[in-house]
Amino acid sequence: MQMLNFKRPIFIMLALLFTTLTISSCSKDDNETNNEGGVHLKAKIGSKDHNFNNVRARWIEGGAYLEITGITTSGEALSITVLNNAGKRVPVGKYILDDATDFDILSTYHTMENGIQKNFSASTETVWNDAFELEIIKQNNTYVEGKFSGTLVIGAGLTTLQTITVENGSFSTPIGNE
């Protein structure tokens, strides 16, 4: 009976080792074969061009939300979320902040300047002078590609404290689930 107890942990360890080796043997090229542009999230934010690494997209609530995120090596972060208020999957199409559709947008950009964190955003139905356009060009259950631009703000109460422009944004990434 003791031999059986000894074999079980070894089997579990071997299974974990095999799984780890299988997952780590996937390369960047595996992702790039699923799309034409390779995995990326990039934009000109303010006066700087940004290429975000650690790019991810995911379906939330069965696809009623689509979230795309990226982080730079220096810790800056960009997030774009589109929500279908009708509860259906977010389809290919153009989405404009504050239009009269069932879709809401939230975009955020986080950066550090002189040791101070700055959180810029654009979201549906705010009083600030924010703006955002998102176009999903290609999409299926496991991949999304598109472009975006806008003006993100830092606001307090009814006051816009600071704005930053986002230009020539594009993304191409696999989509995961919650």
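How many helices and strands does the secondary structure of the protein chain come to? In this predicted model, the tally is two helices and ten strands. Reading along the sequence gives the pattern α-α-β-β-β-β-β-β-β-β-β-β, with both helices ahead of the strands. The chain has 178 residues, and buried ones make up 35% of them. Its accessible surface comes to about 10,900 Å², and carbon and sulfur atoms account for 54% of that. As for how the chain meets itself, take the contacts between residues at least 6 apart in sequence: 54% of these join residues at least 24 apart.

The strand pairings can be picked up at β1, which covers residues 40–45. Strand β1 runs antiparallel to β10 (residues 159–177), and five bridges join the two. One place to look for this pairing is Ile45, whose bridge partner in β10 is Val166. Strand β1 also pairs with β2 (residues 48–60), again in the antiparallel sense and over five bridges. Here Lys44 stands opposite Asp49 of β2. The hairpin made by β1 and β2 has two residues between the strands, and Gly46 in this hairpin takes a positive phi near 65°.

Strand β10 turns up again in the pairings of β2 and β9. With β2 it pairs in the parallel sense, over three bridges, and Trp59 has Asn177 as its bridge partner in β10. With β9 (residues 143–156) the sense is antiparallel and the bridges number 13. Val144 and Thr173 of β10 are bridge partners. Strands β9 and β10 also form a hairpin with two residues between them, where Gly157 takes a positive phi near 60°.

Ala43 gives a closer view of what surrounds β1. This residue is found in that strand and has a relative accessible area of 4%, so it counts as buried. Leaving aside neighbours within four places in sequence, Ala43 is in contact with Lys48, Asp49 and His50, as well as Phe148 and the run of Val166, Glu167, Asn168 and Gly169. Leu78 sits 35 residues away from Ala43 along the chain, and the C-alpha atoms of the two are separated by 9.6 Å.

Over in β7 (residues 116–123) is Ser121. Is Ser121 buried or exposed? Its relative accessible area is 18%, and because the cut-off for buried is under 20%, Ser121 counts as buried. Its contacts, again without the neighbours up to four places off, are Ser107, Thr108, Asp130, Leu152 and Val153.

Next comes the nonpolar interior. In soluble globular proteins, nonpolar side chains tend to be buried together. The largest nonpolar core of this model holds 31 residues, and the members that touch the most others are Leu66, Val82, Phe132, Leu134 and Phe148. What does Leu134 touch, not counting residues up to four places away in sequence? Its list includes Ile80, Val82, Ile105, Phe148 and Phe171, along with Gly93, Lys94, Tyr95 and Lys147.

Aromatic rings make their own small network. The count of aromatic pairs comes to four, and ring pairs link Phe132, Phe148 and Phe171 into a cluster. Phe132 and Phe148 are also among the core residues that touch the most other members, while Phe148 and Phe171 both appear among the contacts of Leu134. Another ring worth a look is that of Trp59: Arg89 lies over its face, at 4.0 Å from the ring centre.

Finally, a couple of backbone oddities. Asn54 has a positive phi of about 50° although it is not a glycine. This residue has its place in β2, and its relative accessible area of 39% makes it partly exposed. Glu61, also not a glycine, has a positive phi of about 55°. Glu61 is placed in the loop between β2 and β3 (65–71). With a relative accessible area of 54%, Glu61 is exposed.

How values were computed. Residues numbered from 1 in each chain as written. Predicted model: local features only at pLDDT ≥ 70, side-chain atom pairs only at ≥ 80, totals over all residues. Heavy atoms only, no water. Core = buried A, V, L, I, M, F, W, Y, C linked by side-chain atoms within 4.5 Å. Buried < 20%, exposed > 50% of the residue type's maximum accessible area, 1.4 Å probe, protein only. Contact = heavy atoms within 4.5 Å. Pairing = 2+ DSSP bridges. Helix = DSSP H or I, 4+ residues; strand = E, 2+ residues; numbered from the N terminus. Phe/Tyr/Trp six-rings, centres within 6.5 Å; stacked < 30°, edge-to-face > 60°. Lys NZ or Arg CZ within 6 Å of the ring centre and 35° of its normal. Areas by Shrake-Rupley, 256 points an atom, 1.4 Å probe, with all protein chains shown as cover.
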